[in-house]
Amino acid sequence: MQLEAVDVAVVGAGPAGLAAAATAAELGLSVALLDEQAHPGGQIYRDVARAGVERLQVLGDDYAAGRALVERFAQSTARHMGGAAVWQVTRDRVIHYLKDGRSRSSTAGQVILCTGAMERPFPIPGWTLPGVMTAGAAQILLKSAGLAPSQPVVLAGCGPLLYLLAWQYLRAGVRIGAIVDTTQRSDYLRALRHIGGALAGWRDVKKGLGLIRSIKGAGIPFYRGATDLAVEGDDGPRP
Ligand SMILES: Cc1cc2nc3c(=O)[nH]c(=O)nc-3n(C[C@H](O)[C@H](O)[C@H](O)COP(=O)(O)OP(=O)(O)OC[C@H]3O[C@@H](n4cnc5c(N)ncnc54)[C@H](O)[C@@H]3O)c2cc1C
């Protein structure tokens, strides 16, 4: 299906792109929203409109909140073009994208890029072994297919996604053997200069502290300040 020329083309159907597309459409503009994923939601709200009650409960209220945004977008006149991977936008706003194995193009008066974030894990010894995956990949499986490990897992790394995944895994009944946090004491000291911003975003800080409280409350061994992470094992199939 070829896309006709539109006033605004938005690339990326995460929260930013959904809000931009819905707002532009509500203002009377013709809008197309392209995303390489089949369904809107982006990373945080991946597949939220199709998630059943059980998955919504596991993933929590902040995930479920995405439904309202997807609904607002769906009710607007903006057109969703799923499975469309944009590979070039020219200076004169011709958008080239791949859909259904074919390269297509369309023009837009304005282009809004909302292509979001990507996970940037750092390699450690053993990171390609069977059974090792990134927190983002684990969360994608949980959000898009309700898949969670049947055997105990160890979560290693740092940052909010690690705690969020641990919290979601606990709700999904996954057994967590340990959390190995690589945040160093010096990282906290360096972060102190951002204390003003943290206080302004106190809701997120509160949420993060709540996640950590739940993890500790579940009695999961929590190792802080870890360095020299490595995973040992062999390349053979897991039992
Ligand atoms: C794996 C992962 C999981 C995350 N989970 C959470 C979470 O649970 N909670 C949280 O608060 N934050 C999470 N984040 C952080 C998250 O990125 C932001 O909170 C939020 O999703 C950013 O919204 P956004 O609209 O800017 O971009 P995103 O939500 O990242 O959406 C960008 C969209 O652009 C599309 N896209 C990118 N390039 C192209 C292209 N060339 N052509 C077509 N489409 C394209 C992508 O498919 C994606 O759907 C996660 C990040 C990652 C990487």
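**Two domains, two sheets and a ligand shell**

I begin with a single residue, aspartate 47, which counts as buried because 20 C-beta neighbours lie inside 10 Å of its position. The cut-off for that class is 20 or more such neighbours, so aspartate 47 falls on the buried side of the boundary. Please keep in mind that the model before you is predicted. As for its place in the chain, aspartate 47 belongs to the loop that links β2 to α2, the helix of residues 53-59. The backbone there deserves a remark. In general, residues other than glycine mostly have a negative phi. Aspartate 47, however, is a residue other than glycine with a positive phi, near 60 degrees.

Let me now step back to the protein as a whole. The chain has 239 residues, of which 27% count as buried. Nine helices and nine strands make up its secondary structure. The C-alpha trace extends about 55 × 50 × 35 Å along the principal axes. Consider next the contacts between residues at least 6 apart in sequence: 68% of them join residues that are at least 24 apart.

How is the protein divided into domains? The domain assignment gives domain 1, residues 6-113, and domain 2, residues 135-223. Taken over C-alpha atoms, the centres of domain 1 and domain 2 are 28 Å apart. Seven residues from domain 1 and seven residues from domain 2 take part in the contact. On the domain 1 side that touches domain 2, three of the residues are charged, two are polar and two are nonpolar.

I turn to the first of the sheets that I wish to describe. Six strands form an open sheet with mixed pairing, in the order β3-β2-β1-β6-β5-β4. Why do β3 and β4 each have a side without a neighbour in the sheet? Strands β3 (79-82) and β4 (84-89) stand at the edges and have a single partner strand each, so one side of each is left without a neighbour. From one strand to the next, the twist averages 40 degrees.

At the β3 edge, four bridges join this strand to β2, residues 31-35, in the parallel sense. Among the residues paired here are aspartate 35 and its bridge partner in β3, glycine 82.

At the β4 edge, the pairing with β5 is antiparallel and runs over five bridges. Alanine 84 has lysine 99, in β5, as its bridge partner. Together β4 and β5 make a hairpin, with four residues between the two strands. Arginine 93 lies in that turn and has a positive phi of about 60 degrees. Is arginine 93 buried or partly exposed? Arginine 93 counts as partly exposed, because it has 14 C-beta neighbours inside 10 Å.

Within strand β5 we find histidine 96. Histidine 96 also has 14 C-beta neighbours inside 10 Å and therefore counts as partly exposed. Leaving aside residues up to four places away in sequence, histidine 96 touches Trp87, Gln88, Ser103 and Ser105. Histidine 96 and serine 106 are ten residues apart in sequence, and their C-alpha atoms are 6.7 Å apart in space.

The other sheet to be described is an open one of three strands, β7-β8-β9, paired in parallel. Its edge strands are β7 (153-157) and β9 (222-223), each of which pairs on one side only. Strand β8, residues 176-181, runs parallel to β7, and five bridges join the two. One of the pairs links glycine 157 with aspartate 181 of β8.

My last topic is the ligand. Which residues of the shell are closest to the ligand? They are Gly12, Gly14, Gly42, Gly116 and Gly136, out of 27 residues that surround the ligand. By class, the shell comprises 14 nonpolar residues, ten polar and three charged. Several elements each supply at least two residues of the shell: α1 (15-26), β2, β4, α5 (135-145) and α6 (160-171). Strands β2 and β4, already met in the six-stranded sheet, thus appear again around the ligand. Both domains take part as well, for domain 1 and domain 2 each give at least three residues to the shell.

Definitions and conventions:
Residues numbered from 1 in each chain as written. Predicted model: local features only at pLDDT ≥ 70, side-chain atom pairs only at ≥ 80, totals over all residues. Pairing = 2+ DSSP bridges. Axes fitted to C-alpha atoms, helices over the stretch in contact; angles between N-to-C directions. Domains from an automatic or database assignment. Contact = placed C-beta atoms within 7 Å. Nonpolar A, V, L, I, M, F, W, Y, C, P; charged D, E, K, R; others polar. Near = placed C-beta within 6 Å. Buried ≥ 20, exposed ≤ 12 C-beta atoms within 10 Å, placed from the backbone.
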